[in-house]
Every structure is written in C-alpha cells, then in structure tokens.
Amino acid sequence: MSVKIRLYVEHPLGQGQTVPLSREQAHYLFGVMRLGVGDAVALFNGRDGEWRADVAEAGKRGGTLVCQQQSRPLQLPPDLWLLFAPIKKARTDFIVEKATEMGAARIMPVQTDFTNAERIRQDRLQAHAIEAAEQCGGTFVPEVGGLTRLGRVLDGWPADRQLMFCDEAQAGGTLALDAARAGQPWAILIGPEGGFSANERARLSALPYAHTVSLGPRILRADTAAVAAMTVWQQAMGDWR
Ligand code: SAM
C-alpha cells in the first residue's frame, strides 16, 4: 500500500519504535485526514531516514504510531549554507521554503547594513522548513538560525568554507564557479532589497574564501536571486550533477 501522508516528528525512529503523537499531530491525522487504527503514514525526523509507521492508537488529543520498516535512508543535502537578508514576511517564508526544497543544509538570516527587518520569527521559519521537507519528500530538515549581523557571521567564518557572494553590482558580469571546489563546504550570500553597502562590498571582496558572482544582466528580487543562486550552485557543485 502506498503511503501518502508524510509527517515530521522529533522522536527517534527504528524497527518497532513506538512514536507518541502531539495533540496537533493527532488532530491532523485523525481529525483532518480521517486516518484510523491500522492506517499507514510515512515518518521522518531528519536523522533516521523515512519510516513507514502504522497507527496503533488514535485519539482526539493524542495517539501512537509504530514504525514498521524504513522506506528511505537519510539523504543529507550538500554542505551548503544559505545566508540571506530577511525581506518582507511572505518573501522570507518563500526563501526558507525554497531553500529547503532545493537542498540547503543550513539557513542563516543575516542582518546587513540595508536590511529592513529588525527581527524574525525563527520558530515560524523553522516550521516552514519542516513543512517544505514534508512536502518535497526530503528526509533532512535544515536548521534555520536566528537573525545575526553579517559582520559577526564573517568574524566567526570557518576558514575552509567557500562563499558565493551574489553582488548586484556585478550584474551583467560572469558567473564562474571553480568546479575544483565542488565537494568543499560552501555558502551563498544574498543581500536585501537595498543591496549591499560599499563597506560590506569592500570587506566581502577582500576575503580569500569569497567568490563574487553575477546572476545575469538583470537585477533580481532577493527571493528570485536566492532560488537562482541555489540552482546554479546545485547544478555546478551540488547534488544535481
Ligand atoms: N537594490 C539593489 C540595486 O538596485 O542594485 C538590488 C538588490 S537585489 C533586489 C537583492 C539581492 O539579490 C542582491 O543584494 C544580490 O545578492 C542579489 N542579486 C540580484 N540580482 C543580482 C545579479 N544580477 N547579480 C548578482 N546578485 C544579484
């Protein structure tokens, strides 16, 4: 029998493992999706792959599932971080959703000189990443970090991680990613609606691990730029090759 419903749980998954459901999960499975005892769902927790589980107890406020067999192993994305300056709420949600679908290992909102957003709802963005993983068949959920100043992120930057710096000032230039660096840890940096400041551009372009790139001759919105950058990186360096 094919299992259509995929659910993210925190609980460990393994042969015969009993998984308790929260009130919200029970409401979704038994109230909304009308599942009952004996029905099957697919579970993943971001660590143990995907498991087929059967409903053992179904209640209004809770229930339990029992893992039957692993249906897919854990599939990790490439070691790619997406750093982006948060923009309007719906477009920020879009970036988190698409980055999860496209295979980011970590999503890091950064505050740049021209970032409008003062704060983000990290828990809400993390929930978006979980929903995106549920929907796209992923077995991994990228962690969404808290909003951190770009300068602070760069101060603690790991020396071996390459940075694809998407700079709108390069629009119309070339995009050349060094294929020899495929397999190394990478990150993509996308700026806010206002772009990068002269100070940021000067600091970034002097970093030995930063690769300044153009995303074509037109200026893309930040959400479009995030998807475009991930697409070209995945195709050149990641798990789409
Ligand atoms: N306000 C800026 C301007 O008019 O030049 C545009 C900023 S753009 C809306 C937001 C971000 O998307 C940029 O900071 C950059 O990271 C990325 N981006 C957009 N178009 C790009 C391009 N053609 N080349 C490289 N990066 C681009």
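Okay, let's start with a strand pair: β2 and β5, the latter covering residues 63–72, run antiparallel to each other, with four bridges between them. Within that region, proline 20 sits opposite threonine 64 of β5. Before I go on, keep in mind that this is a predicted model.

Now zoom out to the sheet. It's an open one with five strands, ordered β1-β3-β4-β5-β2, and the pairing is mixed. The edges are β1, residues 6–8, and β2, residues 18–21; each has a single partner strand, so one side of each has no neighbour in the sheet. Going from one strand to the next, the twist averages 40°.

Next, the helices. α1, residues 23–32, lies across β1, β2, β3, β4 and β5. For your notes, β3 is 40–44 and β4 is 50–58. Relative to β2, α1 runs at about 95°. Then there's α3, residues 122–136, which also packs on the sheet, touching β1 and β3. The direction of α3 makes about 150° with that of β1.

Right, on to the ligand, probably the part you're waiting for. Which residues are closest to the ligand? Those are Cys166, Glu168, Glu193, Leu215 and Arg218, out of 21 that surround it.

Let's look at some backbone contacts to ligand nitrogen. Glutamate 193 has a backbone N or O atom 2.6 Å from a nitrogen atom of the ligand. For arginine 218, a backbone N or O atom is 2.8 Å from a ligand nitrogen. With leucine 220, a polar backbone atom is 2.9 Å from a nitrogen atom of the ligand. As for burial, the ligand on its own has 580 Å² of accessible area, and the protein covers 84% of that.

Notes: Residues are numbered from 1 along each chain as its sequence is written. This is a predicted model: local features need pLDDT of at least 70, side-chain atom pairs count only at pLDDT 80 or more; totals for chains, interfaces and linings use all residues. Side-chain values use heavy atoms; hydrogens and water are left out. Two strands pair if DSSP finds at least two bridges between them. Helices (H or I, at least four residues) and strands (E, at least two) are DSSP runs, numbered from the N terminus. Axes are lines fitted to C-alpha atoms, for helices over the stretch in contact, and angles run from 0 to 180 degrees between N-to-C directions. Contact means heavy atoms within 4.5 Å. A residue is near a molecule or strand if one of its heavy atoms lies within 4 Å of it. A polar contact is a pair of N or O atoms within 3.5 Å; within protein, one must be able to donate a hydrogen and the other to accept it, and residues adjacent in sequence count only if both atoms are side-chain atoms. Accessible areas come from the Shrake-Rupley method with a 1.4 Å probe; for residues, only the protein chains shown count as cover.
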